[in-house]
Amino acid sequence: MSLSSTAALDAQNIHVEFGGLVAVDDVSFTIPQGSIVSLIGPNGAGKTTFFNVLTGLYKPTSGAVIFGDKEITGNQVHDIAQSGVARTFQNIRLFGLMTAQENVMVAMHSHMSAGVYATIFRTKKQRAEEEEARRFAQELLDYVGIGYTTHEYARNLSYGDQRRLEVARALALRPSVLLLDEPTAGMNPNESATFVQFVQKLKEDKGISILLIEHDMSVVMQVSERVTVLDQGQKIAEGTPAEIRSNRRVIEAYLGKSGSEASK
Amino acid sequence: MTKIEAAHHAVGVNNKKWAIGFSTVVGVIFLLNVFVLPNANTQVQRFFNAWFSLNSLAEIMIWILMALGLNIIVGYAGLLDLGYVAFWALGGYVAGWLMSPFLSQFQVNFFGNPRPGFDQGIHFNVFLVLILGGVFTAIWGIIIGGPTLRLKSDYLALVTLGFGEIIPQFMLNGSDIGGINVTNGAQGIGGLDQPKIFGYTIGTFDLPAKFLMVSLMAGAMIFFSIRLRDGRLGRAWLAIREDELAASMMGVPLWRTKFSSYAIGAVGGGIGGVGFAILVGGVYADRFNFVISIIILAMVVLGGMGNVWGVVVGATVLAWVNAVGLVQVGELINSTFDTKFNFPSYQFLLFGLLLVLMMLFRREGFLPEARMRMVMNEEKLEDVEKVTDDKKIGSH
């Protein structure tokens, strides 16, 4: 398969144990360049653990994460983020007491260079850099559709705007891979539908490869090119949304054995 | 301009207003003491000497400097440091070592200004000593912060607490380290050089000049603090204070960023230490105790964590009350009501009372950051909601 050469992010045989308890069991997973893929599974399937391995929060017991052509397994969280793997959080984690603009600008930290001296004496370079950062932040806020919140404190934004701000902040890292952790949690069907369109637009506009963790099946089925299903730490199925929908093991995992029997 | 943009504009204007206010106060105090008071009648002189002596006002400037240094660590980055006095002590001893006859094994004079007949020892130029004081404390900040900033902040608080005890104890007992007298023990190092700045020698009793010098230092620290907060580093500190994990996930290197706040805060303490040593003309170990760390921390918290002008106000009020207010107000009360309370001895009782009252009625401090004010008030609203909810349940 030529998949590995065009993979934006490639996780190989990831195995995570917490003191003997296997959370993720030998899972391989690929995000092809410029695609939207999804990771689904019932609660406790190991989705978030897997996610945390990709972003460097956990070091896998064994296995490797390849980003582009570099292995990033066990790298520092901020190193992985700087190299272009951005994420949002399931339970929104914005910097609540900072404005929307400041939130986005924090994520530009690694793309900026002003040190103590330049900041104190506002050198020409520092001023230009700040100006450019503010402009880019506004561009991103406009892009996600909350351009009117620039100087609003993040904690005062509405729930939907906070979710959008998280995306804008992640985009400020100029990522090549974007990991979205349950982005439509708490949204109504209308908002979810808008969000699906937005994710597709994001992929097309910026050429970013996107990984979704989702509970909302309709979102997953609409937007993903491939779906991977985890259950009790193991990969039980992988394929197109249509394949997954009719996969027996998936139905069993979600509805239980008798459920699959009943659906026959 | 939208309402919010206007509010942000107002912050900038506010900064300017405060800066002008600070400069004006410093200027007025200076002119008053140079031109007016020497010619005033004794009653006026006595009043100012008792309530606003130039010495106590100069000391207040040092406290402001210290509190602003700690504010970078505690207020900006949200790291709890309980041993800030160590940096004060280290800065002070740098001045003691590098601009006095004390280290008589050496005889160095680098643009210094030794007193006539005291050529032995090291005599560096005062500017160089200020820089070296900052560098020296930064190095100690690195030694302490390096390993501990990887830990969770509670552990940092414990380590700094120990550090704040160890350094002063070392200074107090350092008169014979392997046969070398490093700190002169409890006697301390006296007879510091009179600093010579652009050809002007600040004499031992030249208080107006000393006051001007420490005021300039405090002013510079205010300026640095504001500039740093508004820049790339300040944003990263704030982000870490808000949510460490999210900050690192957004590419902010945690350790390095915390570390920079700790080192820069330490430099503030070191420079303040040098300034204080020059002000009192020496450095004495018994002054550097744990209580000082706590008082500086209280200045930051009571003034309004994170807000530069709040910390300036907090430092001014607490330092004045500690040095002058308690004694003077106490005497006033004693003479008016014919009582015999020894007010200064109740310092910590009153101090504790003030802290408790502030925590009860104004947790955000005298002059909080705009952002902090919002949260604190919100929590109050939630409390009200809870109470009304309870009442509803009760009435059923």
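Tutor: Let us begin with a term: two residues are in contact if their C-beta atoms, placed from the backbone, lie within 7 Å. The model to which we apply this term is a predicted one.

Student: What share of the contacts in chain B with a separation of 6 or more comes from residues 24 or more positions apart?

Tutor: Among the contacts of chain B with a separation of 6 or more, 74% join residues that are 24 or more positions apart. The chain that makes these contacts has 14 helices and five strands, and its C-alpha trace extends over about 85 × 55 × 45 Å along the principal axes.

Student: How do you know whether the radius of gyration of chain B agrees or disagrees with that of a compact globule?

Tutor: The rule for a globule takes 2.2 Å times the number of residues to the power 0.38. For 396 residues this gives a value near 21 Å, and because chain B has 23 Å, the two agree. As for burial, 42% of the 396 residues of chain B count as buried.

Student: Why is A:F89 called buried or exposed, as the case may be?

Tutor: A residue is called buried if 20 or more other C-beta atoms lie within 10 Å of its own; A:F89 has 20 such neighbours, and therefore it counts as buried. A:F89 sits in the loop that runs between strand 6 (85–87) and helix 3 (100–106) of chain A.

Student: Which residues is A:F89 in contact with, leaving aside its neighbours within four places in sequence?

Tutor: Within chain A the partners of A:F89 are A:E166 and A:D181, and across in chain B the partner is B:A246. By contrast, the C-alpha atoms of A:F89 and A:S218 are separated by 20 Å, these residues being 129 apart along the chain.

Student: What makes up the side of chain A that touches chain B?

Tutor: In total, 29 residues of chain A are in contact with 29 residues of chain B. On the chain A side, helix 2 (77–83), helix 3 and helix 4 (116–121) each supply at least two residues, and the largest share, four residues, comes from helix 2 of chain A. By class, that side has 15 nonpolar, eight polar and six charged residues.

Student: Where in chain A is confidence lowest, and where is it highest?

Tutor: Chain A has a mean pLDDT of 88, with 95% of its residues reaching 70 or more. Confidence is lowest in helix 11 (residues 257–263) of chain A, whose mean is 52, and highest in helix 3 of chain A, at 95. Over residues 1–5 of chain A the pLDDT is below 50, and this stretch has three contacts in the model beyond near neighbours in sequence.

How values were computed
Residues numbered from 1 in each chain as written. Chains lettered and ligands numbered in written order. Predicted model: local features only at pLDDT ≥ 70, side-chain atom pairs only at ≥ 80, totals over all residues. Buried ≥ 20, exposed ≤ 12 C-beta atoms within 10 Å, placed from the backbone. Nonpolar A, V, L, I, M, F, W, Y, C, P; charged D, E, K, R; others polar. pLDDT = per-residue confidence, 0-100.
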